[in-house]
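Here's a quick briefing on a small set of charged side chains and the fold around them. Have a look at the model first.

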Amino acid sequence: RDYYASRGLGDVYKRQVTSIEYDCKSEEKEDEVFDQVHNIVTNHLDDFAKITFDVEADHKVKVEISEN
């Protein structure tokens with residue numbers, strides 16, 4: 001979980017973080033994962049504080065989403 005303090009109040013809130021790793025066997029599968037993540041983000045943009053999408057050389061795709 002990601003912790004942050006609100007401005008001026010000193011309160012600490014918990015932000016839900018979801019991490020998913022996909023073992024894609026090809027660039028086409030990487031593209032499919034990207035398209036799915038893109039669709040989710042497009043339809044729920046106000047729900048997320050941060051989204052990361054990393055592709056590694058071995059076709060592993062890591063997605064991390066922090067909710068508002």
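Glu-30 sits in helix 1, where helices are DSSP runs of H or I with at least four residues and strands are E runs of at least two, numbered from the N terminus. Keep in mind that this is a predicted model: local features need pLDDT of at least 70, side-chain atom pairs count only at pLDDT 80 or more, and totals for chains, interfaces and linings use all residues. Residues are numbered from 1 along each chain as its sequence is written, and side-chain values use heavy atoms, with hydrogens and water left out.

**Glu-30**
- Glu-30 is buried (under 20% relative accessible area, 1.4 Å probe, protein chains only).
- Glu-30 has no salt bridge, meaning a side-chain nitrogen of Lys or Arg within 4 Å of a carboxyl oxygen of Asp or Glu.
- The nearest side chain of opposite charge is Lys-60, 10 Å away; Lys and Arg count as positive, Asp and Glu as negative, and His and the chain ends are not counted.
- Leaving aside residues up to four places away in sequence, Glu-30 touches Cys-24, Phe-53, Val-55, His-59 and Val-61, with contact meaning heavy atoms within 4.5 Å.

**Glu-28**
- Glu-28 is also found in helix 1, which spans residues 27-43.
- Glu-28 counts as exposed because its relative accessibility is 54%, and the cut-off for exposed is over 50%.

**The whole chain**
- The protein chain has one helix and five strands, in the order β-β-β-α-β-β along the sequence.
- Of the 68 residues in the protein chain, 19% are buried.
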